[in-house]
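Okay, thanks for coming, everyone. I'd like to walk you through one model today, so let me put it up on the screen.

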Amino acid sequence: IIIFSITTNQGVPTWSRQVHARVQQSFEMTAPLTNWSPLIIAGAFVGTDARFEDERGYFQELFHNAKYPENVKAETGILQVSLSHSKRGVLRGIHRSTYSKLITVTRGAIYDVIVDLREGSQTFGLWCAVHVSRENKKQLFIPARCGHGFLCLEDADMLYLQGGCYDPSSEKDTNPFDPFLDISWPKLDAAHQIILSRKDRLAPKLNEWMDLPTGPLKKRILIIGASGQVGGALAEAFKSEHIIGTYSHNSGEGLVHFDLEEAAKDPSLAVDLIDMCSPHIVCICAGMTWVDGCENAGDAPFLINCEGPRSLVRAAKRRGSKTVFYSTDYVFDGLIKGHTYTESDRVNPVNVYGQSKAAGEVAVLEEDPSCLVLRTTGVFGPEKQGKNFVYQLCRSAAEGKQMLCAIDSYGSPTYNRDLANMTVGLIECGARGIFNCVGPQTLSRKDFATLVADTLPLPGLNICSVLSEELFEKTLESRGTAAKRGKHLGLDIAKLKRTIPAAFQPRCIEDALLHWKHNPHGAEICFAKK
């Protein structure tokens, strides 16, 4: 017996309220409210239901008008409630309705697919999948005019709370194996075959009832850390594809939450994310990158920079996805004056950040030797948060503040748009393994700051030359933590240049700065003192 109550604008009958109250009182109602998260389809959400259990069983609210957020409620209210039973192997869909649906699996398990079939939607043509079962207590909100289908992984009973009444004349069906959608349906075991109704088997392809964009099919690009500067540049470089971006702390429009530290502790979170979007390419550019902060952060740097990526790569490999992992020059000790490191040089990090990234390189290549590991450093360019070194220089110039720059600390500054372009080039070439992906010049921090000031220009910039040991002591005194850094950390890009065409190779710092100046993006930047 399933007991459920539905609150509508017309109110609830007295007898229903009384029954509902008696059942609630008989359980200890200590579980949290249903927790909702956005999916990669605009307007679609997944929730984990609050379930109140004791030794007798459980009580579960499948809808509560006062508790559920507005974005998972039908504008019209719930107008129809339906219950379906399907055997293992049954595939239903893809069906598009003019109304929204809230679905719950009350028995069994399904692989549920939502397809954005709304003309003009920012995620049109994109699909996502969620495993929904009685055990995982998940509930899905499917927006109106989105396609919906599912494959039963077990015999399953599903409850639909609908924002409209079923009307065959207003429904639109699409073949679940339409190549334009390219849905990755799970493979069943040899004893079970997919069972389709004649109606679904003969359903038209999308291009038979809708005008579709021409050109090659879009790839699904999953960017872990799309709210950061490398992630933002990747989204710009892959703008012609389906971009699926995640964030951990700094949210943004269209991004879904994903935390590498949580995924390190619970790898099923990585599996859920990869299953949801079935990406062709996964770019892991998120990480714990505060070099000084890593020194006293316990296990966090290794969870975020090593074990979280490991979980993602393992899940991605199972799906056949190509993974790109971004690493750092800090995997080296930087002890040899004038030396630029190649990909085959022995790693020897001198700080926790470098150690965690070196461990991450090993982890992702252990899980999938076909991964790309891209070592980069000194990344600058447009970004939403406006935190990188060039932003700092511009703010110091605008405010008339002194900028401390080391004269004995060398690196290879990298334009973020060039880094994204190098990534695209390496993927298109089918490259694998470790590559240095940096700008072509190696120079001191002070010389880089001077070059920025001369190129943009920044006439108000006051550069103060210091030794790296002085910066270490000042950081330790002001923040209570500081990391040792190698002094000579230039990276050699000969291997990169041999691998990718000239169109994908990095430009010099001067050209990169002028390109940024004439093609602004992200946080506003001041190029001169006012």
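Before I point at anything, a word on salt bridges: here the term means a side-chain nitrogen of Lys or Arg within 4 Å of a carboxyl oxygen of Asp or Glu. And please keep in mind that this is a predicted model.

With that rule, the chain has 26 salt bridges. I'll show you three of them.

Start with Glu236 and Arg417, whose side chains come together with N and O 3.1 Å apart. Now, where in the chain do these two sit? Glu236 belongs to helix 3, residues 229-237, and Arg417 to helix 10, residues 416-428, so the bridge ties together distant parts of the chain, 181 residues apart. Are they buried or exposed? Glu236 is partly exposed, at 28% relative accessibility. Arg417 has 10%, so Arg417 counts as buried, the cut-off being under 20%.

Next up, Asp272 with Lys138. The closest N and O atoms of this pair are 3.5 Å apart. Again it's a link between distant parts of the chain: Asp272 sits in helix 5 (residues 268-277) and Lys138 in strand 10 (residues 138-142), with 134 residues separating them. Asp272 is partly exposed, with a relative accessible area of 32%, whereas Lys138 is buried at 16%.

The third one is Glu366 with Arg310, at 3.3 Å from N to O. This bridge connects helix 8 (residues 352-367), which holds Glu366, to helix 7 (residues 300-319), which holds Arg310, and the two residues are 56 apart in the chain. Glu366 is exposed, with a relative accessible area of 54%, while Arg310 is buried at 17%. And this pair has company: through shared partners, salt bridges join Glu307, Arg310, Arg314, Glu366 and Glu367 into one network.

Okay, let's go back to helix 3, since that helix turns up again at a pocket. Helix 3 and strand 15 (242-247) are the elements that give two or more residues to the lining of the second largest pocket. How much space does that pocket hold? About 770 Å³. The lining has 33 residues, and the ones nearest the centre are Ala235, Ile243, Glu253, Gly254 and Leu255. If you care about the chemistry of the wall, the lining splits into 15 nonpolar, 11 polar and seven charged residues.

Now for a sheet. There's an open one with five strands in the order 9-8-11-6-13, paired antiparallel. Its edges are strand 9 (127-133) and strand 13 (172-173), each of which pairs on one side only. Look inside the sheet at strand 8, residues 109-116, and strand 11, residues 146-152: they run antiparallel and are joined by seven bridges. If you want a landmark there, find Asp116, which stands opposite Cys146 in strand 11.

Last stop is helix 9, residues 389-399. Which of its residues are buried? Phe389, Val390, Tyr391, Leu393, Cys394, Ser396 and Ala397. What covers these buried residues includes strand 21 (379-380), strand 22 (402-406), helix 11 (445-455) and helix 14 (509-518). Then, just after helix 9, you reach Gly400, which takes a positive phi of about 70 degrees.

That's my tour. Happy to rotate the view for anyone who wants another look.

Conventions:
Residues are numbered from 1 along each chain as its sequence is written. This is a predicted model: local features need pLDDT of at least 70, side-chain atom pairs count only at pLDDT 80 or more; totals for chains, interfaces and linings use all residues. Side-chain values use heavy atoms; hydrogens and water are left out. Helices (H or I, at least four residues) and strands (E, at least two) are DSSP runs, numbered from the N terminus. Buried means under 20% relative accessible area, exposed over 50%, partly exposed in between (1.4 Å probe, protein chains only). On a 1 Å grid over the protein atoms alone, a cavity is a set of points where a 1.4 Å probe fits but cannot get out, and a pocket is an open set with protein on both sides within 12 Å along at least five of seven lines; lining residues have an atom within 4 Å of a point. Grid points are joined across faces, edges and corners, and a volume is the space filled by probe spheres set on the points. Ala, Val, Leu, Ile, Met, Phe, Trp, Tyr, Cys and Pro count as nonpolar, Asp, Glu, Lys and Arg as charged, and the others, Gly among them, as polar. Two strands pair if DSSP finds at least two bridges between them. Contact means heavy atoms within 4.5 Å.
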